Amino acid sequence: MQTLVLKPISRRQALSYLGVAAASLTFSRIAFAGPDEVKARINDITNGAAGDNTRITLDLPEIAENGNAVKVAFDIDSPMTQDNYVKAVHILADGNPEPDVATFNFTPHMGACHASTRMRLSKTQNVHVIAAFSDGSFGNASALVKVTIGGCGG
Amino acid sequence: MRSRREFLQFAAVSAGVFAAYPSFVTAAARQKLTQDDLLSFDAKGQVTLLHLTDIHGQLKPVYFRPPSENYGVGNFEGIPPHLVGANFLRHFGIEPGSALAYAHTMVDYESLARSYGRLGGLDRTATLIKAIRAERGDGNVLLLDGGDTWQGSYTSLKTQGADMVSAMKLLKPDAMVGHWEFTFGKDRVEELIEEMGYPFLGGNVFDTEWDEQVFESTAFFERGGVNVAVIGQHFPYTPIANPRHMVEGWSFGIRPDKIQANVDAAREAGAEIIVLLSHNGFDVDQKIAATVTGIDVILTGHTHDAIPQAIRINDTLLLSSGSHGKYLGRIDLKVEAGRVVDAASTVIPVFSDVITPDAEMAAHIDALRAPYEAECNRVIGTAGALLYRRGNFNGSWDDVICDAIRQERDVDIALSPGFRWGTTLLAGQPITIDDMYTQTSMNYPAVYRMEFTGKQLKDILEDVCDNLFNPDPFFQQGGDMVRVGGMRYRCAPKASMGSRISDMVLTRTGAPIEAEKSYMVGGWASVNPDTKGPAIYDLLENYITAKGVVTPTNSQSVTVVGMD
């Protein structure tokens with residue numbers, strides 16, 4: 001797996017994973033990306049082309065166990081031949097200070113298109129995975145990941 | 001996800017099944033009830049599954065008042081298990097005042113409790129299990145433990161789960177799964193699994209470094225000539241609902257794709273019956289039943305719901321066998337040509353006064369408790385009112401705990417977690433150490449004292465409320481609402497996150513709680529590893545001892561809006 005760009009987000013304070021004993025932190029001075037900004041970013045990547053999610057399998061938790069290290073994995077259905085392969089996969093999050101989480105670049109020689117990494121999520125938000133196929137089309141899948149203060153279960 | 005209409009149809013269909021209750025259901029008084037009545041059952045097929053779950057350390061019979069509030073939202077509104085009181089009785093066709101009415105609802109609870117007595121006790125359960133094994137033949141019965149077994153009593157805390165492991169071993173279960181077990185820490189869990197001698201199954205726990213499965217997911221059993229696969233599912237939100245540091249390096253999660261893969265693999269390996277032994281909770285497992293194919297039976301736990309028989313969702317039977325040892329779940333299955341063709345189920349209430357205790361188990365429990373018996377029975381006060389915990393919002397035991405925290409830690413506002421475990425005391429009963437630990441027995445008991453702003457308090461209430469009332473059960477953690485003392489608020493379960501909580505008022509002054517203002521708050525069971533403060537059971541003992549007769553001061557702290 002060749003990872004040309006792996007850009008961890010959240011250089012600032014993120015939700016430290018707290019119990020009820022310590023309340024959630026405030027982010028009043030931090031500007032967050034929002035759904036609109038992420039939509040614009042996806043438009044940049046895809047030049048406005050609509051993508052579907054039929055070839056993308058996403059592995060994300062419903063509720064993050066640790067907002068500082070949330071596992072995200074994808075598996076994209078592609079023959080990965082010279083004529084038909086995945087060129088790149090972008091991961092974006094719409095509730096972090098900066099929406100870009102990671103970009104993975106692929107070549108046909110890799111034989112398969114899957115990868116996993118850990119990301120930091122500051123709060124409950126949508127995570128988008130955009131796949132750029134070699135024929136110029138795109139795939140697009142997303143899921144909501146909840147980040148909670150926890151405690152009290154049982 | 002199936003539509004509300006479809007769910008309502010399930011509910012209606014399941015209600016129709018309840019035509020043939022055993023005779024004890026209509027018995028209006030205890031003297032009419034017998035052990036044989038409890039065991040009477042129209043047996044079916046070759047295989048019997050027995051299900052115990054959420055015993056929470058209760059070796060002895062208990063009072064456990066069923067909830068007055070158990071709201072469902074979205075697809076789950078108004079269907080089992082989200083029915084209480086008269087609605088529950090009507091839905092299941094149960095006679096008010098009958099044994100089954102007492103076992104399953106809080107209608108006329110105190111007076112029926114005085115008539116029917118306590119339920120549970122592992123020695124009584126042992127009698128029932130032995131009788132069913134004798135009736136069906138040992139080789140036809142599987143006994144499965146749904147977890148939350150090791151934690152919840154004075155002796156379970158003092159022995160760090162060893163008492164329960166030792167007593168359960170006598171029942172010879174075939175497999176178990178876990179949740180509060182993990183709050184004894186990874187090392188202790190591994191030690192006790194060694195001790196058990198039967199599988200601790202769970203296909204949904206992976207180590208975070210290599211993403212490798214920590215426990216076996218599946219065990220295969222030959223019962224009545226049928227190949228039965230049991231797939232385990234530990235409580236998916238253990239590292240969130242409980243301290244993550246206690247399971248550092250292990251990742252949980254619902255992982256429905258993994259369940260599907262394990263089901264398919266078990267079928268491939270020749271399983272004719274597939275059982276999911278689950279600690280997901282009732283609504284999560286309703287969604288699993290509707291979305292994962294090929295499961296014959298889900299034995300669910302965690303949410304402590306008890307309904308009289310299994311419900312059917314598509315081709316899956318879902319049975320929920322209550323909590324605290326009050327019930328023993330049973331499903332009989334008839335298999336032909338590798339498929340389940342017929343089934344019958346019941347949840348047997350373990351009426352302790354009419355079941356002869358199993359001598360071997362009774363002696364074993366006595367021996368386990370002997371070193372602690374004097375302390376367990378030490379009386380520290382008297383219940384001035386009915387004291388219970390279970391319910392979506394405040395219960396009277398937690399009102400007492402909040403009173404104790406406010407007084408002993410000198411704070412304006414107290415928070416007590418929405419645990420579903422904890423037994424009941426009738427008004428006038430003595431409060432023993434045993435009783436007090438059924439509310440507080442745990443490994444992270446520190447009572448913190450710190451300043452929160454009004455906004456932080458609201459954020460906490462909103463967050464916990466979403467974990468209870470998110471319309472998608474996969475986003476619920478399964479606890480009830482955090483209990484409050486010293487303040488009151490309105491709650492709209494059907495609203496969206498961030499707008500469910502309103503009108504927060506400080507009870508002492510009657511003034512609204514202001515977002516920017518700071519308030520001194522005390523609470524316990526924080527998942528933060530650095531929490532400092534006295535243990536809740538020590539604080540509560542001091543408070544009860546000083547009070548003598550304990551009556552909660554406030555039970556009007558939450559006004560629920562928008563629900564029928």
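**Entry 1: B:Val275.** I looked up the contacts of B:Val275 in this predicted model, setting aside neighbours within four places in sequence. B:Val275 is in contact with B:Leu49, B:Val228, B:Ala229, B:Val230, B:Asp296, B:Val297 and B:Leu299 (contact: C-beta atoms, placed from the backbone, within 7 Å).

**Entry 2: conventions.** I note that residues are numbered from 1 along each chain as its sequence is written, with chains lettered from A and ligands numbered from 1 in the order written. Local features need pLDDT of at least 70 and side-chain atom pairs count only at pLDDT 80 or more, whereas totals for chains, interfaces and linings use all residues.

**Entry 3: core.** I then looked up the largest nonpolar core (buried Ala, Val, Leu, Ile, Met, Phe, Trp, Tyr and Cys joined through C-beta atoms within 7 Å; buried: 20 or more other C-beta atoms within 10 Å of a residue's own). This core has 198 residues, and B:Val275 is listed with B:Val230, B:Ile231 and B:Leu277 as having the most contacts inside it. Helix α17 (454–469) of chain B gives the largest share, seven residues (helices: DSSP runs of H or I, at least four residues; strands: E, at least two). Domain 1 (4–367) and domain 2 (377–560) of chain B both contribute, so the core lies between them; the bounds come from an automatic or database assignment.

**Entry 4: sheet in chain A.** I found an open antiparallel sheet of four strands, ordered β4-β3-β6-β7 (pairing: at least two DSSP bridges). β4 (100–105) and β7 (138–145) of chain A each have a single partner strand, so one side of each lacks a neighbour in the sheet. Seven bridges join β3 (86–93) to β6 (125–133) in chain A, and A:Val89 stands opposite A:Ala131 in β6(A).

Definitions and conventions
Buried ≥ 20, exposed ≤ 12 C-beta atoms within 10 Å, placed from the backbone. Contact = placed C-beta atoms within 7 Å.
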